[in-house]
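Biologist: Could you walk me through this model before I go back to the bench? I would like to hear about its layout, its pockets and its contacts.

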Amino acid sequence: MNTAEVSSPGPHNVQRIVLASTSPSRLSILRSAGVEPILINPEVDEDTAAAELTNPTPEEFVLHLAQAKARTAWRRRQDSGEATDGEVLIGGDSMLLIDGQLQGKPLTEEETVRRWQQQRGKSAQLITGHCVIHQGDEFSETALTTLHFANATDKDILAYARTGEPLFCAGAFTLEALGGWFIDRIEGDPSSVIGLSLPTIRRALEHFGLAFSDFWNAAPKA
């Protein structure tokens, strides 16, 4: 065979994950799963995106925010010329559904304490919306996980709030860190509680005809 006829995939075809999120938890999920993504800020006004809906279900609401993030980031990469044929872009959003109400990030210590005093000893659903885009094709899906919260004391709740960890987390906790003390058990996909459902991302890649192992950092490229 003439070696001049042998070509390797160029940079434009290299398979990469683009994560449209500033969440450290979502980044940690992909890294622990062998993927080093390209990180971009989705730069979406969530209030504006939410106003586009009329009487949505909780799942529709969360999924719409994930779609807004992914679509905005994808258009920006297309317009800037940064997008490549081999990339897969992921946008996500998570909210807690408890007592029939959706809750996002508490943002302050006071609100964190109020939330935990409300949700301790109860069960709730963590809804994680995913929007995955590859070459203009889109895969959207929500992951639902049931959480059973510990009946935490006021002292432990206040101590947790003062660490600052739960302030910017949906549901006012992180499963993989100090918040793990406050969760009795979960029913569903643990990775979706942290921020991204790996089974959902796998189904998205399969939808596009892609193998998830091709995105691993150490995977040899054919």
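Modeller: Happily! Helices and strands here are DSSP runs, with at least four residues for a helix and at least two for a strand. Please keep in mind that this is a predicted model.

Biologist: Thanks! How many helices and strands are there in the protein chain?

Modeller: From the N terminus on, the order of elements is β-α-β-α-α-β-β-α-β-β-α-β-α-α. The C-alpha trace that carries them spans about 75 × 40 × 25 Å along its principal axes. The count for the chain is 7 helices and 7 strands.

Biologist: Which element gives the largest share of the lining of the largest pocket?

Modeller: That pocket has a volume of about 740 Å³. Of its 36 lining residues, the closest to the centre are Arg 26, Lys 69, Lys 105, Phe 168 and Ala 170. Two or more lining residues come from each of helix H1 (24-32), helix H2 (46-50), helix H3 (58-80), strand S3 (87-98) and helix H6 (190-194). The largest share, 4 residues, belongs to S3.

Biologist: And by class, how many nonpolar, polar and charged residues does the lining of the largest pocket have?

Modeller: For this tally, Asp, Glu, Lys and Arg count as charged, and Gly is among the polar ones. By class, the lining of the largest pocket comes to 17 nonpolar, 10 polar and 9 charged residues.

Biologist: What about the second largest pocket: how do the residues of its lining divide into nonpolar, polar and charged?

Modeller: The second largest pocket has a volume of about 200 Å³. Its lining includes Ile 17, Leu 30, Val 35, Arg 202, Phe 212 and Trp 216. Helix H7 (residues 198-207) provides the largest share of that lining, 5 residues. The division is 11 nonpolar, no polar and 1 charged.

Biologist: Now to helix packing. Is the crossing of H4 and H5 left-handed or right-handed?

Modeller: The axes of helix H4 (residues 109-119) and helix H5 (residues 154-163) come within 9 Å and cross at roughly 145°. The hand of this crossing is right-handed.

Biologist: Which residues make that contact, and how many of them are nonpolar, polar and charged?

Modeller: On the H4 side they are Glu 109, Thr 112, Val 113, Trp 116 and Gln 117. H5 contributes Asp 154, Ile 157, Leu 158, Tyr 160, Ala 161 and Arg 162. Sorted by class, the contact has 6 nonpolar, 2 polar and 3 charged residues.

Biologist: Trp 116 caught my eye. Why does its pair with Phe 182 count as tilted?

Modeller: The whole structure holds 5 aromatic pairs. Planes under 30 degrees apart count as stacked and those over 60 as edge-to-face, with the rest tilted. The ring centres of Trp 116 and Phe 182 lie 5.1 Å apart and their planes stand at 50°, so this pair is tilted.

Biologist: How many residues apart in sequence are the parts that this pair ties together?

Modeller: Trp 116 sits in helix H4, while Phe 182 is in the loop between H5 and strand S7 (183-187). The pair therefore ties together parts whose separation in sequence is 66 residues.

Biologist: Last one: leaving aside neighbours within four places in sequence, what is Phe 61 in contact with?

Modeller: Phe 61 is part of helix H3. Contact here means heavy atoms within 4.5 Å. With those sequence neighbours left aside, the partners of Phe 61 are Ala 50, Leu 53, Pro 56, Met 95 and Leu 102.

Methods
Residues numbered from 1 in each chain as written. Predicted model: local features only at pLDDT ≥ 70, side-chain atom pairs only at ≥ 80, totals over all residues. Heavy atoms only, no water. 1 Å grid on protein atoms, 1.4 Å probe; cavity = no way out; pocket = protein on both sides within 12 Å on 5 of 7 lines; lining within 4 Å. Points joined across faces, edges and corners; volume = space filled by probe spheres on them. Axes fitted to C-alpha atoms, helices over the stretch in contact; angles between N-to-C directions. Left-handed = near helix turned anticlockwise from the far one by under 90°. Phe/Tyr/Trp six-rings, centres within 6.5 Å; stacked < 30°, edge-to-face > 60°.
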